[in-house]
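Student: I would like to take a close look at one part of this protein and then see how it sits among its surroundings. Could you please guide me through it in a connected way?

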Amino acid sequence: MHLLPLNADAPPLSDRELEEIYAYPPELDRPWVQVNFVSSADGAATASGRSAGLSSPADKKIFALGRDLADVVLVGAGTAVVEGYRGVKRTEVRAERRARLGLSELPPIAVVTGRCSIGPLTPLVADTLVPPIVLTTKAAPARSRDDLTEAGAEVIVAGEEKVDLHRALAELGERGLHRVCCEGGPHLFGELMAQNLVDQLCLTLAPLLMGGDAPRIAEGVFPPEPLRMDLASVLTDEGFLMLRYRRQPS
């Protein structure tokens, strides 16, 4: 595996160079949201219901780097269940990188669930070194919220009937969690887009044609108008394209 710029004469990138490319802006004073996705060349976000079938070693490296550089990993409850989420694991590379960059040992996972549908025995809660954050609503069953709290999760009420993403991100920001790495799913990405909360999209395009009715990477509510993004970097490996789009300066 050799991640290369889209330049046949360029040498493979080192891990330090990848860190520089994917680094969050310095001295953030608000939550800054990066969204990570993989898609087939014809726009499918899953293969057989999961994103893993579209991935590659290079894509997984970029995915892991996104976690390494983040203060918090944001994910929708549906994606967390389907993809079998657990807490972020400690590795030697992750430990060295995060210590060198002055980050916490591991980022917590913050899961968005309006009805507190993540149970206390799910791997996301039961198999983690860092307590997860559950972003939920006042309408969620009180017993479910209490069960998660008793299991060690931090439960944050961020809305009445529906999770208010502005409020949820503000709650993360109050905890010093400004580098937000969102890993989906499509409905959460769609909601973030509709509320103009996406600062960067890291999109891997797999050299596959899936057909069928697989979901797109973003679904749900349309934004008031298309969000203009700048193409910030392009890397390639074994036919996969790793694209990085950053919000245009206002």
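Tutor: Let us begin with T136, whose place is in strand 5. Please keep in mind that the model is a predicted one. Is T136 buried or exposed? Its relative accessibility is 0%, and because buried means under 20%, T136 counts as buried.

The surroundings of T136 come next. Leaving aside neighbours within four places in sequence, T136 is in contact with T113, G114, R115, C116, R145, V155, I156, V157, A158, G159 and V163. A further residue to locate is S117: 19 residues separate S117 from T136 in sequence, and the C-alpha atoms of the two are 9.3 Å apart in space.

Strand 5 covers residues 133-136, and L135 belongs to the story as well. Not counting residues up to four places away in sequence, L135 touches L74, A110, V111, V112, T113, I156, V163 and A168. T113, I156 and V163 are thus names to look for around L135, and they also appear among the contacts of T136.

From L135 we may pass to the largest nonpolar core, which has 29 residues. Which of its members touch the most others? They are V35, L74, L135, F189 and L192. Several elements each supply at least two residues of this core, including strand 2 (32-40), strand 3 (72-76), strand 5 (133-136) and helix 8 (186-194). Helix 7 gives the most, with 4 residues. A second core of 17 residues is separate from this one and includes A77, L106, L124 and L148. As general background, nonpolar side chains in soluble globular proteins tend to be buried together.

Helix 8 offers a way onward to the loops on either side. The loop between strand 7 and helix 8 contains G185, and a cis peptide bond, with omega of about 5 degrees, joins G184 and G185. In the loop between helix 8 and strand 8 lies N196. N196 is not a glycine, although it has a positive phi of about 60 degrees. How does N196 count in terms of accessibility? At 39% relative accessibility, N196 counts as partly exposed.

A similar point concerns E238, found in the loop between strand 9 (229-237) and strand 10 (240-247). E238 has a positive phi of about 50 degrees and is not a glycine either. With a relative accessibility of 69%, E238 counts as exposed, whereas T136, where we began, counts as buried.

Note on methods. Residues numbered from 1 in each chain as written. Predicted model: local features only at pLDDT ≥ 70, side-chain atom pairs only at ≥ 80, totals over all residues. Heavy atoms only, no water. Core = buried A, V, L, I, M, F, W, Y, C linked by side-chain atoms within 4.5 Å. Buried < 20%, exposed > 50% of the residue type's maximum accessible area, 1.4 Å probe, protein only. Contact = heavy atoms within 4.5 Å.
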